[in-house]
Each structure stands twice: as structure tokens, then as C-alpha cells.
Amino acid sequence: MKLGTETETIAGFLLWQVSKLWQRRLTLALQDLNLPSTQAVVLANVLRLGEEGKTVTQSLLSAATKVDPMTTSQALRSLEQKRLITRRTPKADLRVKDVQLTSRGRRVAFETIARLAKTHETFCTPLKDDNRRVVDYLRRLIEANDFTR
């Protein structure tokens, strides 16, 4: 393992640093909505997947967001307590819960998406000329390391 300034050449360490900085920006952007970043991303994806006509379930959300199932479950529980979503068990499969936005949850989801987009735009401005390449690199890392499949 490299030590000292050589750590600045380790892609994983740099990715971790970027991730921490991104999380901090999201936390600040979402603070007054009382939504930690994981809950915000899950909520935004309940809206997105529902708008795509999909039946939204915990497992679908976990796969779409790359958030592990236990953390997804905890996020959904918190969102339900905040009355932003409802969960109901369909008669066809008692092991599954369908997730739906409440009317308030829909409004908060749209606001959340707007804030995520603005934060993304500000955060990624230094990459504007390299965006496509960075996205390709990140997609390759996700595909090679995705345990949610």
C-alpha cells in the first residue's frame, strides 16, 4: 500500500474522497427537507420508476439505486413515517410491498429532484468537457462491482 502523497494516485482513495464531498453537498442541499441523501435518492426513484409505469418495490428500488436492500428498507420505513410514501402488500405476493408516493411525497420528490439536479450541476462543473468520459468510467466500475444483480 502506498503512503503519504502517493495515496493521491490511488483511484479508489480519490473516488472515496469525491464520494464524501458529494455526500456533504447533498446533505447541505437537502437539509431543510429533512431528507438524508439516501432517503432523497430513494424518494426520487419512487417517483421516476412510478412515472415509467413500473410497480415500485423495495427490490426494484435497491437495484435501481445500488443501495443495499437493508438500507433501502430503512429508508422506506423513514419515508413512510414522514408520510411521503405508503407501502401495501398485494394479495398476489405477500412477501412484496408496493411503494407509492403520497401527494405530499410527490411534491417533496419533485423538489428533491430539482435540488439534486442543481447540486449535480454545481458539483460537476469542473468536468463539463469530460463528462461523457467520466460517466463511461463510472458505469464500467458500477457494472464490474454491482452486487445488487
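E52 is partly exposed in this predicted model, with a relative accessible area of 43%. E52 forms a salt bridge with K54. The closest N and O atoms of the pair are 3.1 Å apart. K54 also counts as partly exposed, at 42% relative accessibility.

**Salt bridges**

The structure holds 8 salt bridges. The E52 and K54 pair is one of them. Two others are set out beside that pair below.

| Pair | Closest N to O distance |
|---|---|
| E52 and K54 | 3.1 Å |
| E111 and R115 | 2.7 Å |
| R133 and D130 | 2.3 Å |

Where do E111 and R115 lie? Both are in helix α5, which spans residues 103-124. They sit 4 residues apart, about one turn of the helix. E111 is partly exposed, with a relative accessible area of 34%. The pair does not stand alone: D32, E111 and R115 are linked in a network of salt bridges.

The side chains of R133 and D130 also meet in a salt bridge. R133 counts as partly exposed, at 48% relative accessibility. D130 is partly exposed too, with a relative accessible area of 30%. Partly exposed covers the range between 20% and 50%, so D130 at 30% falls inside that range.

**Helix packing**

Two packed helices are described by the angle between their axes and the distance between the axes. Take helix α2 (residues 37-51) and helix α3 (residues 58-65). Their axes come within 10 Å and cross at roughly 110°. That makes α2 roughly perpendicular to α3, because angles of 65 to 115 degrees count as roughly perpendicular. Which residues make the contact? From α2 come V41, V42, N45, V46, R48 and L49. From α3 come L60, L61, A64 and T65.

**Loops and backbone**

Most residues other than glycine have a negative phi. Two residues here have positive values. Phi of K66 is near 70°, a positive value in a residue other than glycine. K66 is found in the loop between α3 and α4, the latter being residues 69-81. K66 counts as partly exposed, at 40% relative accessibility.

Phi of R83 is near 60°, again positive in a residue other than glycine. R83 has its place in the loop between α4 and β1, where β1 is residues 85-88. Is R83 buried or exposed? R83 counts as exposed, at 64% relative accessibility. The cut-off for exposed is over 50%, so R83 at 64% passes it.

K97 belongs to another loop, the one between β1 and β2 (98-101). K97 counts as partly exposed, at 43% relative accessibility. K97 and T55 are 42 residues apart along the chain. Their C-alpha atoms are separated by 9.7 Å.

**A nonpolar surface patch**

Which residues make the nonpolar surface patch? L15, L138 and L141 do, and the patch is about 250 Å². L15 is found in helix α1, residues 11-30. L15 counts as partly exposed, at 42% relative accessibility. Patch members need over 30% relative accessible area, so L15 at 42% meets that cut-off.

Definitions and conventions:
Residues are numbered from 1 along each chain as its sequence is written. This is a predicted model: local features need pLDDT of at least 70, side-chain atom pairs count only at pLDDT 80 or more; totals for chains, interfaces and linings use all residues. Side-chain values use heavy atoms; hydrogens and water are left out. Patches are made of residues with over 30% relative accessible area and no salt bridge: like charges are joined within 9 Å, nonpolar side chains (Val, Leu, Ile, Met, Phe, Trp, Tyr) within 5 Å. Accessible areas come from the Shrake-Rupley method with a 1.4 Å probe; for residues, only the protein chains shown count as cover. A salt bridge is a side-chain nitrogen of Lys or Arg within 4 Å of a carboxyl oxygen of Asp or Glu. Buried means under 20% relative accessible area, exposed over 50%, partly exposed in between (1.4 Å probe, protein chains only). Axes are lines fitted to C-alpha atoms, for helices over the stretch in contact, and angles run from 0 to 180 degrees between N-to-C directions. Angles under 35 degrees count as roughly parallel, over 145 as roughly antiparallel, 65 to 115 as roughly perpendicular and the rest as oblique. Contact means heavy atoms within 4.5 Å.
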